[in-house]
Amino acid sequence: MRAFLALLLKEEKAIFTSPIAYVVIAAFLVTMGYTFTLTLFVTHTPTLVHLFFQIYVLFLLTVPIITMRLVAEERHLRTLELLLTTPVSEVTVILAKYLASLSLVGTMLLFSGIYAVTLGILGQPDWGPIYSGYIGLALLGSALVAIGLFTSSLVSNQIVAALLSLSLFLLLWIIDQLGNFLPDPFNALVVNMSLLVHFRPFATGSLFISDAGFFISVALLGLFLSVRALAHR
Amino acid sequence: MSDIVVVEHLVKRYGPRPAVRDVSFSIAQGEVVGLLGPNGSGKSTIMRMLTGYLPPSEGMIRVGDLDVHTDSLAVRQRIGYVPEDTPLYEGMRVHEFLRFMGHIRGMSGRRLATAVTAACEQLQLQRVFKMPIGKLSRGYRQRVAIAQALLDAHDILILDEPTNGLDAYQVIGIRELLRSFAGQRTVILASHILSEIEKIADRVMILANGRLLTTDARADGSAPRIRLRIVGPSDAVLADLRAVKGVAAATAEPQHGRDQPGTYFVEFVPGVRAIGELARVIVARGYPLLELMEEKPDLEQAFLNVTSRAAAA
């Protein structure tokens, strides 16, 4: 446990002392502020649905930047050799890196809560879809960070890691379009791999265990593959 | 003393290319062992397999009763490791790094603080204690890497090229530090610098092209010989020396006068060290014996012998 906390603290420091974290948070908030204001003034409707879809896209674009250094940097600088010759397991290393990155995603979501609070002060929003939207975003973030961590653990070049995860995210975003061209039962299988298909119900106020299960499964698979990639030396 | 590290038929392949080929050796507790070989001979790969960082393609490594591959975490608890080229966390300060390495080894509180202070004193790191590692010179970085390996009271220290980048004074310091562990901790160090290994290690193993050529270069490379200074007729002295049981060969340096002391070299047959008998015979024959000294085998010569034998084979 002590080793895990030490690793977690190291990762948190690495993330929150890096300018990347603040650039990502700033870009995230500015873009959302713009969308929030515009949507509110144009529609005069107290809803965050547009904002949730915007955060969905922003997550696809920013998570690769957050996760790209996690293992790739350690591989490049060979500190992984130093780390994995101490009595810490690959699982501990991966979990510490995962939770630290997730904390930055959580911070971004926390900051976006300002818009929900503003909406609550200015009008009378339906809080149900807002809660479900945030649950969906948290689950989406968990899955994306796990995939980003996995691609980072495959290579020693951070840019390559970021491009790999971005490509995967974009593929999983539009994969349901591809499903339309496939015969049964492949079309259903491919459509169900889409991030958007599983996120849309959350953003519009519907909670399904199957959608939550999808994101949790992707997160667990990403973590498992990350551990395997780290153990493969 | 019992063997603390046992390596049997170790093989490591990177794709089809074998980097380590059928290497077997054992190391006794408290021994200081050097792994000598040219760059690319497989030293670092063996070091990485000993620490559990790399899995072997074939073969087995045991530390005490533990298998390095299957009981990796327990083995790592017993090993302090300094990798080649000192990979360190550049953004951390020296004290942060040492505390971090102590924490992930399960140390804390007063025990950790004492260990960090002691390691810094041993490696003379007090002056750079609060400096970021990224701003340190190569010599200091090397010392920080060694300091982290000394934090816990490990049974085994594994150091890959530990004196790289150090100046002459620092090299002497590290050499004395490592020698001071002899008998207490098992030290395994790899180097391509022959003179360095010669001064630190009790026993030297030689590697070339992934093959272990000898597990004791001093014993295999050339047999120890006895140097004597005796007054007497050269031919008669040589005949008497050769007649001693166990003597394989006796030679003499050219003598300048019949009554002048002559220098003789005696080699024993393998497994025999009849030094007492040699002295007794010389004295019994009535020759004044001025000097009798066992000459240590020359490691440089041993290295050349072993590597040329391997090349010829």
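Biologist: Why is Pro87(A) called buried?

Modeller: Pro87(A) has 20 other C-beta atoms within 10 Å. A residue is buried if 20 or more other C-beta atoms lie within 10 Å of its own, exposed if 12 or fewer, and partly exposed in between, with C-beta atoms placed from the backbone. So Pro87(A) counts as buried. Bear in mind that this is a predicted model, where local features need pLDDT of at least 70, side-chain atom pairs count only at pLDDT 80 or more, and totals for chains, interfaces and linings use all residues. Residues are numbered from 1 along each chain as its sequence is written, and chains are lettered from A and ligands numbered from 1 in the order in which they are written.

Biologist: What is Pro87(A) in contact with, leaving aside its neighbours within four places in sequence?

Modeller: Leu73(B), Arg76(B), Gln77(B), Arg105(B) and Gly106(B). Contact means that the C-beta atoms of two residues, placed from the backbone, lie within 7 Å. Pro87(A) itself sits in the loop between H5 and H6 of chain A; helices (H or I, at least four residues) and strands (E, at least two) are DSSP runs, numbered from the N terminus.

Biologist: How many residues of chain A are in contact with chain B?

Modeller: 18 residues of chain A meet 20 residues of chain B. On the chain A side, helix H1 (2-16) and helix H5 (79-83) are the elements that give two or more residues. H1(A) supplies the largest share, six residues.

Biologist: And Ser156(A), why is that one called partly exposed?

Modeller: Ser156(A) has 16 other C-beta atoms within 10 Å, so by the cut-offs for burial the count falls in between, and partly exposed is the label. You'll find Ser156(A) in the loop between helix H7 (127-152) and helix H8 (158-179) of chain A. Not counting residues up to four places away in sequence, Ser156(A) touches Ala72(A), Arg75(A) and His76(A). The C-alpha atoms of Ser156(A) and Glu73(A) are separated by 6.3 Å, though the two are 83 residues apart along the chain.

Biologist: How do you know that the span of helix H2 of chain A is close to the expected one?

Modeller: H2(A) (residues 19-43) has 25 residues and reaches 36 Å from its first C-alpha to its last. The expected span is 1.5 Å times one less than the number of residues, and for H2(A) that is 36 Å, so the two values agree closely.

Biologist: Which residues of H2(A) are buried?

Modeller: Val24(A), Phe28(A), Met32(A), Phe36(A) and Leu40(A). They pack against helix H3 (49-67) and helix H6 (90-122) of chain A. An α-helix has 3.6 residues a turn, so residues three or four places apart point the same way.

Biologist: Over to chain B: what makes E12 and E14 edge strands?

Modeller: Each pairs on one side only. Two strands pair if DSSP finds at least two bridges between them. The open sheet has four strands in the order E12-E13-E11-E14, with antiparallel pairing.

Biologist: Why do E12(B) and E13(B) count as paired?

Modeller: Five bridges join E12(B) to strand E13 (residues 261-268) of chain B, so the requirement for pairing is met. In that pair, Ala250(B) stands opposite Val266(B) in E13(B).
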